Amino acid sequence: MTADRVVVVGAGVAGLATALRLAPLPVTLVTAAPLGEETATAWAQGGIAAAIGPDDAPALHAADTLAAGAGLSDAGIAQIVAEAGPGLVDWLVGLGLAFDRGPDGAPALGLEAAHSRRRIVKAGGDATGAAVLRTLARAAAACPSITVTVGRATALAQDGEGRVTGLVLRTDRGALELPARAVVLATGGLGGLYRSTTNPTGAVGAGLVLAARAGAVLRDVEFVQFHPTAIAIRTDGPLPLATEALRGEGAVLVDAAGGRVMAGIAGAELAPRDVVARAIARRTGRGEAVFLDARRIDVARRFPTVAALCRAAGLDPAAAPIPVRPAAHYHMGGIRVDGHGRSTLPGLWACGEVAATGLHGANRLASNSLLEAMAFAERIAADIRDSKRAAAGAGRAPEPLPASDALPEIRDLQEIRDLMEAGVGLVRDEAGLARAVSRLAALARAGSAEAVAGLLVAAAALARRESRGGHWRADHPGQQAPRSTDITLTQAFATADALATADAVARPSSLVEATR
């Protein structure tokens with residue numbers, strides 16, 4: 001292992017792009033499964049937002065990003081990422097990715113919610129994520145500076161000053177420590193903490209937990225985006241997704257009688273995702289069914305992934321509307337990073353959904369996720385290459401949380417998903433959040449890493465007493481002055497302890513009242 005070694009954790013678009021951009025520096029790419037498997041990238045149906053149309057410009061793209069972000073997006077970051085879009089499309093073409101093109105040979109640009117222009121670049125209709133992943137994985141496999149290691153990261157190693165000096169992971173051969181000049185977390189999101197999600201079940205905030213246990217500051221973790229149109233079927237696993245691009249091409253949301261669900265709502269079907277998701281949830285919460293009517297669209301030809309998902313569920317979008325419901329989809333918050341992807345811990349960078357760059361704010365603009373990951377991969381690689389080289393010596397790992405055996409972990413995960421769905425879901429209130437914080441803290445202290453991730457989200461959501469973007473408080477529907485929320489794991493546990501103290505103080509008076 002050389003002193004120049006960089007460890008990248010995660011093999012979705014963020015991890016693969018970062019590893020490729022770091023060449024020729026030696027990179028160990030740590031992945032929980034063989035390349036191309038178990039990543040949310042492969043499930044991304046939408047596309048890549050890029051201002052390449054003749055009527056478009058990066059400034060317009062940045063403005064749409066800021067509008068969707070509900071006051072919390074960073075204008076400078078939005079402009080940087082939007083300006084990177086056209087070049088990143090060219091980079092992927094250079095790696096061999098064939099984007100969909102129109103009769104004139106120009107990229108066929110789609111329209112999605114809250115975009116003022118057609119700027120969604122696609123591959124394979126609605127299989128862009130899978131196409132991007134295949135392209136990057138193929139390039140990574142052929143890159144001599146990248147070594148792939150299959151394992152589960154369990155801790156960040158740190159020196160006596162807190163600098164991250166490597167990674168501890170569990171492999172089939174036992175525990176392994178990888179010393180590193182730099183560690184990049186690209187571990188994805190946390191939709192798997194919810195019972196209803198469009199994410200792989202393994203997306204449970206692992207990167208957040210690694211960083212938080214090492215002392216990193218997290219930002220805006222209360223903002224979880226719920227996709228409005230997950231296909232509503234009975235399943236114990238993730239819900240299949242009916243891409244937003246269907247609505248961009250004219251599909252409409254209707255009730256059982258055919259009435260328009262979005263009638264009278266600004267933007268209608270192309271309103272920001274949080275608006276559409278809540279409109280559907282108001283109906284489903286009353287026991288009504290909501291459908292996406294795409295019969296006017298040739299779904300089989302233009303959206304083959306959605307057509308296949310419908311067929312597997314016994315649905316025919318050409319004959320009848322598709323039943324839909326909101327589901328946890330994307331985490332806007334994450335590890336707080338600067339414009340070069342640096343976390344608050346020296347030696348640690350973060351890229352993709354696990355990072356809070358300031359781009360998404362309170363509500364991600366559709367198809368900005370793959371774009372952000374690739375834009376920051378390039379910036380992170382340049383920053384690591386230019387940064388002062390530190391010795392990749394032996395470090396210390398944080399003290400492990402108490403271990404629990406396999407069966408309680410499985411049972412706890414089901415409880416966590418129920419807690420997150422009920423108390424930290426699309427619509428929240430103080431009572432539900434307080435219950436979630438208290439129970440998640442107990443599970444976290446008993447050794448559940450998933451509960452640590454859930455606790456961070458719930459504690460931040462309890463502290464934000466307003467409604468903004470993906471965070472909606474039924475008991476605080478108004479808005480305060482825009483501000484980001486920073487939180488550490490120590491602060492999250494302190495929130496739980498304060499609740500326990502307040503409950504203990506209130507309990508005697510409750511007992512007195514009960515005996516009167």
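In this predicted model, G352 sits in the loop that connects β17 (348-350) with β18. The relative accessible area of G352 is 5%. Buried status requires a value under 20%, so G352 counts as buried. Beyond its neighbours within four places in sequence, G352 contacts three residues: A14, E372 and A373. The separation from A78 was also computed. G352 and A78 lie 274 residues apart in sequence, yet their C-alpha atoms are 14 Å apart in space.

The strand that follows this loop, β18, belongs to a sheet. Four strands make up this open sheet, and their order is β18-β16-β11-β19. The pairing within the sheet is mixed. Two strands stand at the edges, β18 (355-356) and β19 (486-487). Each edge strand has a single partner, so one of its sides has no neighbour in the sheet. The link between β18 and β16 (residues 334-336) consists of 2 bridges, and these two strands run parallel. I335 has A355 of β18 as its bridge partner. A helix also packs on the sheet: α5 (residues 206-213) touches β11 (218-219) and β16. The directions of α5 and β16 make an angle of about 35°.

Residue I335 appears again in the nonpolar interior. The largest nonpolar core holds 63 residues. Within this core, the residues that touch the most other members are L156, V183, L185, Y194, I335 and L440. Helix α13 (residues 449-463) supplies the largest share of the core, with 11 residues. A second core of 55 residues lies apart from the 63-residue core. Its members include A14, V89, I146 and A375. A14 is also one of the contacts of G352.

A polar residue was examined next. Q158 lies in strand β7, which spans residues 152-158. Its relative accessible area is 3%, so Q158 is buried under the 20% cut-off. The side chain of Q158 has backbone oxygens as polar partners. One belongs to G162, reached at 2.9 Å. Another belongs to A214, whose backbone oxygen lies 3.2 Å from a polar atom of the Q158 side chain. The buried side chain of Q158 thus makes polar contacts with the backbone of G162 and of A214.

Definitions and conventions
Residues are numbered from 1 along each chain as its sequence is written. This is a predicted model: local features need pLDDT of at least 70, side-chain atom pairs count only at pLDDT 80 or more; totals for chains, interfaces and linings use all residues. Side-chain values use heavy atoms; hydrogens and water are left out. Two strands pair if DSSP finds at least two bridges between them. Contact means heavy atoms within 4.5 Å. Axes are lines fitted to C-alpha atoms, for helices over the stretch in contact, and angles run from 0 to 180 degrees between N-to-C directions. Buried means under 20% relative accessible area, exposed over 50%, partly exposed in between (1.4 Å probe, protein chains only). A polar contact is a pair of N or O atoms within 3.5 Å; within protein, one must be able to donate a hydrogen and the other to accept it, and residues adjacent in sequence count only if both atoms are side-chain atoms. A nonpolar core is a set of buried Ala, Val, Leu, Ile, Met, Phe, Trp, Tyr and Cys residues joined through side-chain atoms within 4.5 Å.
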